[in-house]
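User: Hello! Could you walk me through this one step by step, as if I were new to reading protein models?

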Amino acid sequence: MAVTHRSLSQAGASPRPRKRGLQPGQLLRLWISRVIIWAVIIVVLIPMWFVFTASFDPSNSYISVSFFPAHATFANYRALFQGGQFLVWVRNSLIVGLTVAIAQSFITALSAFAFSKLRFYGRKYGLMVLLLLQMFPNILSIAAFYSALAKLNMIDYLGSYILVMLGASAFNVWLLKGFMDSIPKELDEAALIDGANTWQRFIRVQLPLCLPMLVVIFFLTIVGAFGEYLFAGTILQSPSNYTLGVGMYNLISGQFAKNWGEFAAAALLSAVPLAAVFALAQKYLTTGLVAGSVKG
Amino acid sequence: MAAVAQTGTTPVARKRRRKVDWVAYGYLSPALVTICVLSIVPIFYTIYISFTNFNQMHFTSYQFVGLQNYKELLNPHDPLSNLFIPTLIWTIVYALCATGFSYLVGLALAVLLNNKHMREATVYRTLLIIPWAVPTLITMLAWQGLLNDQYGQINGLLHGVFGLPRIPWLTNATWGRVAIIIANVWAGFPYMMTVCLGALQSIPTDQYEAAEIDGATWTQVFRYVTMPSVWRISLPLLIPSFSFNFNNFNATYLLTGGGPPNSNNPFLGQTDILASAAYKMTLSFNRYDLGSAIAVLLFILVAFISWLQMRYTGAFQEVDS
């Protein structure tokens, strides 16, 4: 639709309208591309289709490789909810995700504002140093975290897991700072002339304007918290404290993977909303990412 | 406007205008405090532990042992050395393969999708992005079930439909490694595709028109117009993605759990990468000392990769613009 519109307007504007018909070579290339893409899509989606069918297959056996489940039922879903465990996992993950996302958005907004609009010593290289520091992933200090928490008797508490996840993300600060830099300076100057103090400039002027990016960061943090296993698996040990990730890990891992059907149902129930949120948030992000690297 | 103001003011006046907002440190403090407590302190604590014999045997009374742990890991004559070196080699091979193949697949698909005659390209793109959108935690665990030797549906498909012999995906070292690379390319190519597509679409159309007027063939256009732009935009993202894969604990631990077990090494399985090695040392064997030493060696490697990235791509130069 958009393509048609563009080519029409182009034809109207330029004195020599471009030919719309495809040459045989182009047509052949188009169809070869299509066939290759179809093949790749099938290969990419087959594993997901298998998970989908397994979630409706009550026999809980893999032996039947059918592309459509023979006797589709909701038995796996019922089993998942009957124990009540799935809801506990989702609740725990929601508690962690929401707490961490609220705290992270707040921390990120404060420091992005400072980096974007205020002058202070260390502004020039501060963010770069923080970004470099966070190139070292947390996995590397797992021994330090685990032994420190064990010494403080803080293993197996949801609270200590939240605490560990609270650290500010320099990458988020960088994203939000980039967004704030694009807000016209005049707005900030107008607020200054009107006698606004720094806090009012932050709350009244900058925060409402960068709300879209902040919402993106908020949701990406929640999705990240749902997909976190490393610390969750380390800290949370009793089933009542499991987050979604740890719970699902314990459903599937093991030699015979006997809960495959239930796992598939849990995977489907959690993956679909998470993927939808992620895809929506990412749509805003990718444009920003590529624009940032073009600049460099 | 800004330029005029700047040339008009004397250095003294400019200095006065560049006054410091001390309140900025207040705004920064939550981020700085959390980063200090949760990133910097743990790093130093890890370095400290790696020089001690802090493990389950010496949980309350540990001593400083100097370079003992590093000697054990790096000395080729030490029984523990077959823990580190083979794991390191596999980590590098895995990270190179996962990043390289994801990039190639992503680039190829992006080139195919970037065809202005393909009206339905958005539909294809949406379908192909799904593996990226689902958290790796879920996809890797799902792959674990799908690749199960006996009951997995992948073997069911290959054996039942195509008549191939059952592949021991998770019980054979080589196939386990192949499985890890396949699953990670599956999960990683959509990101590369998105980046490359963005790069392709940012190429100004006049470059293509100029090439067309000069009578360039399709391959020449690709070689001299398309690739340089794609390369310029995607390289800064390629090295971070290598270092991401280098530490991608989820990718191996959730898929194979490091298995199958190693016959001459009780600690680590044959598909363990360094990140999962450090994790297992800490959690399964309570050898905080060795886990930390592995982590410190990994720190150094990651720092080296980051330095390479800074050196050759100039990423983050624009952070302060």
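**Reading the two chains**

User: Which residue with a positive phi follows helix 9 of chain A?

Analyst: Just after helix 9 of chain A comes a residue whose phi is positive, near 85 degrees; helices here are DSSP runs of H or I with at least four residues, and strands are runs of E with at least two, numbered from the N terminus. This is a predicted model, in which local features need pLDDT of at least 70, side-chain atom pairs count only at pLDDT 80 or more, and totals for chains, interfaces and linings use all residues. Residues are numbered from 1 along each chain as its sequence is written, while chains are lettered from A and ligands numbered from 1 in the order in which they are written. The residue you want is G195(A).

User: How many residues of helix 9 of chain A are buried?

Analyst: A residue is buried with 20 or more other C-beta atoms within 10 Å of its own, exposed with 12 or fewer, and partly exposed in between, with C-beta atoms placed from the backbone. Helix 9 of chain A covers residues 185–193 and lies largely in the open, because of its 9 residues the number buried is 0.

User: Is D156(A) buried or partly exposed?

Analyst: Most residues other than glycine have a negative phi. D156(A) is not a glycine, yet has a positive phi of about 70 degrees, and this residue sits in the loop between helix 6 (142–151) and helix 7 (158–165) of chain A. With 14 other C-beta atoms within 10 Å, D156(A) is partly exposed.

User: Where in chain B does N286(B) lie?

Analyst: N286(B) is another residue other than glycine with a positive phi, near 50 degrees. It has 18 C-beta neighbours inside 10 Å, so N286(B) counts as partly exposed. Its place in chain B is the loop between helix 13 (274–283) and helix 14 (288–313).

User: Which element of chain A has the highest mean pLDDT?

Analyst: pLDDT is the predictor's confidence in each residue, from 0 to 100, and chain A averages 82, with 84% of its residues scoring at least 70. Among the elements of chain A, helix 1 (residues 2–13) has the lowest mean, 40, whereas the highest, 93, belongs to helix 4 (residues 85–117).

User: Which element of chain B has the lowest confidence?

Analyst: Chain B has a mean pLDDT of 83, and 92% of its residues reach 70 or more. Confidence in chain B is highest in helix 9 (residues 173–201), at 91, and lowest, at a mean of 44, in helix 1 (residues 2–8).

User: Which helix gives the largest share of the side of chain A that touches chain B?

Analyst: Two residues are in contact if their C-beta atoms, placed from the backbone, lie within 7 Å. In all, 83 residues of chain A are in contact with 91 residues of chain B. The largest share of chain A's side, 14 residues, comes from helix 14 (residues 260–295) of chain A.

User: How far apart are the C-alpha centres of the two domains of chain B?

Analyst: Domain bounds come from an automatic or database domain assignment, which divides chain B into domain 1 (1–49) and domain 2 (83–252). The distance between their C-alpha centres is 39 Å.

User: What ipTM and pTM does the model score?

Analyst: These two scores are easy to read off. The model has a pTM of 0.83 and an ipTM of 0.81.
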